[in-house]
Amino acid sequence: MEFGNLCGYFFVLSFVNLACGNLHAPIINPGILTQSKNLGDCQACKLFIESFKRGLERTSRGKYEGGDAAWEEEKLKKSYKRSEMRLIDIQDGVCKDEKKHAVQCHHMAEKAEEFIEEWWAQDPDESADLFTYLCIDKIQVCCPEHHYGKDCTPCPGDHANICNGNGKCRGDGTRKGNGTCLCDPGYTGEYCMDCDAGYYLSYKDENKMLCSRCHRSCLGGCRQGTQKDCVACKSGYVFDIEEGCQDINECDDINKCKKDQFCVNSLGSYACMACDKSCEGCHGDGPDLCRKCAKGYSKKGELCIADREDEDQSDSLTTTRYMTYVGLIIATGILLPKSTTLGSLVGFMVMTYIVGAEYYCMINGHSGLVNLKDYDLSQLFRT
Ligand SMILES: *[C@@H]1O[C@H](CO)[C@@H](O)[C@H](O)[C@H]1NC(C)=O
């Protein structure tokens, strides 16, 4: 189909769509929204504790009716504080405030139920460490800090400087892992004391060592951080004695891309991109960077513009388009008094649409609003 027809068709269709209220919201699979990475059991237990504590907070001001006298109210308040009723209030709300990991939280809440009841019956101080009681001692999914594994073994080495400060002990704080070091990016070795491939030692004193990334042009290692310090250069770079690894401008070779493409150099690489369809060969993107105009287009100033065989058809298309705009604006006008929010939203979308469409038509060589002064507006009312 010729572009002009398509353009007109597009406008009429979208107008009909809007006028008939036929717009469908895209269907999103709700599973995608709720899916999230599984937490470890210890993390889930922490989440449950957080939620339970919010429940304590929520019910801390009591929920008691009646009690005319102050002393009576005070008494009710005291009895609610440790009551079965309050525990039920808390348990009812627990994990409900947890959006992302609600399932795991509820699962943990089930496991925790009997222990929590026991804890509650002991009339604990509310500030008592529920985390240690529940997650470490009872459900046994967590360990104290810097302990790991089934039996909460202490992580090896100096606990103030785990893995030399550049990693963490595998399983730290949980019943998982084997206590070996999981090094941060850039570090390696049993205690993360070495720099990984592609990194160099940039700082070291008796407590601390830092590894930094080699320059992006380096292949393998380097002595320092600049392109002059590379051991070797990556492909797409060439070694210069003065400057080190230098980007190769592949686009200097005019035959690098096909005839209807232009070349874009980037660090270490290049890309071939299609020329605008109004061009036959080009220096860059857009109808203003053609080497030569394509068939059916001719040079007008800087641009290659589509030859128009039929001015009348183009005018009638413009009429259709403007009528669409008028329709859209009227539709917005009808909506606006009914719902300001929706009206404004639609109004904004309509404006965006008009501007976008005009721009689209303009760059494709059709007269847009910019050419309004050349357009006989009375045509709108003559149809
Ligand atoms: C510890 O666990 C990590 C990751 O699970 C594994 O790669 C490593 O080999 C284990 N080390 C030992 C000593 O078991």
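Helices and strands in what follows are DSSP runs, helices of at least four residues in H or I and strands of at least two in E, numbered from the N terminus. By that convention, Cys163 lies in the loop between β2 and β3, the latter being residues 167-169. I shall come back to this cysteine. Please keep in mind throughout that the model before you is predicted.

Let me begin with the overall composition. The protein contains 10 helices and 16 strands. Of its 383 residues, 22% are buried. Among the contacts with a separation of 6 or more, 36% are between residues 24 or more positions apart.

I turn now to helix α3, residues 41-58. Does its length fit that of a regular helix, or what span should we expect from its 18 residues? At 1.5 Å a residue the expectation is 26 Å, and the end C-alpha atoms of α3 are 25 Å apart, so the two values agree.

Which residues of α3 are buried? The list runs from Asp41 and Cys42 through Ala44, Cys45, Lys46, Leu47, Phe48 and Ile49 to Ser51, Phe52 and Gly55. You will notice that this list includes Asp41 and Lys46. The buried residues of α3 pack against three helices: α5, residues 84-93, then α6, and α7, residues 130-138.

The partner I wish to examine is α6, residues 102-121. Two packed helices are described by the angle between their axes and the distance between the axes. For α3 and α6, the axes come within 9 Å and cross at roughly 80°. Angles of 65 to 115 degrees count as roughly perpendicular, and therefore α3 is described as roughly perpendicular to α6. On the α3 side, the residues that meet the partner are Ala44, Cys45, Leu47, Phe48 and Ser51. On the α6 side they are Gln104, Cys105, Met108, Ala109 and Ala112. Sorted by class, this contact comprises eight nonpolar residues, two polar ones and no charged ones.

A further residue belongs in this picture. Glu98 sits in the loop between α5 and α6. Is Glu98 buried or exposed? It is partly exposed, because 19 other C-beta atoms lie within 10 Å, and a residue needs 20 or more to be buried. Leaving aside residues up to four places away in sequence, Glu98 touches Leu47, Ser51 and Cys105. Leu47 and Ser51 are in α3 and Cys105 is in α6. Glu98 and Leu47 are 51 residues apart along the chain, yet their C-alpha atoms are separated by 8.1 Å.

Leu56 is also found in α3. With 13 other C-beta atoms within 10 Å, Leu56 is partly exposed. The C-alpha atoms of Leu56 and Lys81 are separated by 9.6 Å, and these residues are 25 apart along the chain.

Next, two cysteines with notable backbone angles. Most residues other than glycine have a negative phi. Cys152, although not a glycine, has a positive phi of about 55°. Cys152 is placed in the loop between β1, residues 147-148, and β2, residues 153-154. The other residue is Cys163, whose phi is also positive, near 50°. How do their surroundings compare? Cys152 is partly exposed, with 17 C-beta neighbours inside 10 Å, whereas Cys163 is buried, with 25 other C-beta atoms within 10 Å.

Finally, the hairpins. I have selected three.

The first joins β7, residues 199-204, to β8, residues 209-213, in the antiparallel sense over five bridges. Four residues lie between these two strands, and Tyr200 stands opposite Ser212 in β8.

The second is formed by β11, residues 237-240, and β12, residues 244-247, which run antiparallel and are joined by four bridges. Here three residues lie between the strands, and Val238 stands opposite Gln246 in β12.

The third consists of β15, residues 297-300, and β16, again antiparallel and joined by four bridges. Two residues separate β15 from β16, and Gly301 in the turn has a positive phi of about 65°. Lys299 stands opposite Cys304 in β16.

Which residues of β16 are on its covered face, and which on its uncovered one? In a regular strand the side chains alternate between the two faces of the sheet. In β16, residues 303-306, the covered face carries Cys304 and Ala306, while Leu303 and Ile305 are on the uncovered one.

Key. Residues are numbered from 1 along each chain as its sequence is written. This is a predicted model: local features need pLDDT of at least 70, side-chain atom pairs count only at pLDDT 80 or more; totals for chains, interfaces and linings use all residues. Axes are lines fitted to C-alpha atoms, for helices over the stretch in contact, and angles run from 0 to 180 degrees between N-to-C directions. Angles under 35 degrees count as roughly parallel, over 145 as roughly antiparallel, 65 to 115 as roughly perpendicular and the rest as oblique. Two residues are in contact if their C-beta atoms, placed from the backbone, lie within 7 Å. Ala, Val, Leu, Ile, Met, Phe, Trp, Tyr, Cys and Pro count as nonpolar, Asp, Glu, Lys and Arg as charged, and the others, Gly among them, as polar. A residue is buried if 20 or more other C-beta atoms lie within 10 Å of its own, exposed if 12 or fewer, and partly exposed in between; C-beta atoms are placed from the backbone. Two strands pair if DSSP finds at least two bridges between them. The expected span of a helix is 1.5 Å times one less than its number of residues.
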